[in-house]
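Work through the following exercises with the sequence and the predicted model side by side. Each task is followed by a solution that proceeds step by step.

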Amino acid sequence: MKILVIRLSSIGDIILTTAVLKAFKEKYPHAIIDFLVLDKFKDAISLCPYIDNLILYDKKYDGLKNLIVFSKKLSKNKYDYVFDLHSKFRSKIISLVLKHLYEVKTFTYKKRVFWKSILVNLKLIKYTVDNTIIKNYFSAFKSFNLEYKGEDIIFSFDKTLEKKYEHFKDYIAFAPGASKETKKWTEENFGNLANLLYKKYGNKILLLGGKEDFQKCENINSISQNSCINLAGQLNLKESGALLSHAKFLLTNDSGPFHIARGVSCRTFVIFGPTSPGMFELDKNSTLIYKNSKCSPCSLHGDKICPKKHFDCMKNLSYNYVYDIIYKTFEDNK
């Protein structure tokens, strides 16, 4: 059996597919799994032990005509089944071409109810999830009777990197970035918390993120009275994963680093504000930090600005409140 799994973006959503890939390989160990992903996100899934071939999608294939050409090339791999775990224009066209021109059996995952998405985007209702993302992924494989064993995800990296970052063992890491502004906890809170944790544990706080997060991390370090080491823009995804495999814990917004940390079994504290924590089933290694404001969750993926203008869901999460959660967690585990 040869299958194609499509999930083109983004970092977290790609990593979440590893739970269903693992379940498929366990049930069908001789199956060949190809995985299609945007080239810019390849590091989120490369080296995954449940994938036999990683296929990169280049945006040069965008546009209906080019997508059809790309799909015809894919057909030469003679897939038995295609699983669309993205369910947007690109993946739908690819699946459609393979299904109708080459009689490949295709399956797609159950996304949120369409009418609900519209009402949430119009700010007419709060957003509540129908199911977790991973359980929705499993719905595409319903005919294959895969066993769901929780959010058993992994993030793979070259083990030579493990030694490279072992000097950061038991350091605390913060990931203050996110894809949307309203998903970001405030710089003031990150900075003040970093100062408290530095005084408590003695090691400077590692600030992780992309180049776009550099200035935010500089601001946080300034607020923390130089209690941090700014690594924003200095590490790729694989290096970040290797570092987090040694960290004492990660404090992060609802963003890609949250899933990288979970994928390397790093103790994780995740902050939610405008988006729904119901998208995930957290294990004992992850702690949710969420005030459940009366207007939250208000968004599918976050926004540029708070629709209500007050940003209560994040501003009401004080650094002292978060510090107490972290402190109690480690005291209870002694």
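**Exercise 1.** Classify Asp52 as buried, partly exposed or exposed, then examine the salt bridge that Asp52 forms with Lys25.

*Solution.* Step one: buried residues fall under 20% relative accessible area and exposed ones over 50%. Asp52 has a relative accessibility of 36% and therefore counts as partly exposed. Step two: Lys25, at a relative accessible area of 14%, is buried. Step three: the side chains of Asp52 and Lys25 meet in a salt bridge, with 2.9 Å from N to O. This pair links distant parts of the chain, since Asp52 sits in the loop between strand E2 (32-38) and strand E3 (53-57) while Lys25 belongs to helix H2 (residues 18-27), 27 residues apart.

**Exercise 2.** Of the twelve salt bridges that the structure holds, examine the one between Glu151 and Arg262 and determine which parts of the chain the pair ties together.

*Solution.* Step one: the closest N and O atoms of Glu151 and Arg262 are 2.6 Å apart, in a salt bridge. Step two: Glu151 lies in the loop between helix H6 (133-139) and helix H7 (160-164), and Arg262 lies in helix H11 (residues 256-263), so the pair ties together parts that are 111 residues apart in sequence. Step three: both Glu151 and Arg262 are buried.

**Exercise 3.** Check the length of helix H3 (residues 64-75) against its expected span, and explain why its buried residues line one face.

*Solution.* Step one: the expected span is 1.5 Å times one less than the number of residues, so the twelve residues of H3 should span 16 Å, and the end C-alpha atoms, 16 Å apart, agree with this. Step two: the buried residues of H3 are Leu67, Phe70, Ser71, Leu74 and Ser75. Step three: viewed down the axis of H3, these buried residues fall within an arc of 145 degrees, and therefore they line one face of the helix. Step four: what covers the buried residues of H3 includes strand E1 (2-6), E2, E3 and helix H4 (89-102).

**Exercise 4.** Locate the buried residues of helix H9 (residues 214-223) and identify what they pack against.

*Solution.* Step one: Lys216, Cys217, Ile220 and Asn221 are buried in H9. Step two: they cover an arc of only 140 degrees around the axis, which puts them on the same side of H9. Step three: the buried residues of H9 pack against helix H8 (187-201), strand E7 (205-207) and strand E8 (228-230). Step four: just after H9, Gln225 adopts a positive phi of about 60 degrees.

Conventions
Residues numbered from 1 in each chain as written. Predicted model: local features only at pLDDT ≥ 70, side-chain atom pairs only at ≥ 80, totals over all residues. Heavy atoms only, no water. Buried < 20%, exposed > 50% of the residue type's maximum accessible area, 1.4 Å probe, protein only. Helix = DSSP H or I, 4+ residues; strand = E, 2+ residues; numbered from the N terminus. Arc of directions from axis to C-beta. Contact = heavy atoms within 4.5 Å. Salt bridge = Lys/Arg side-chain N within 4 Å of Asp/Glu carboxyl O.
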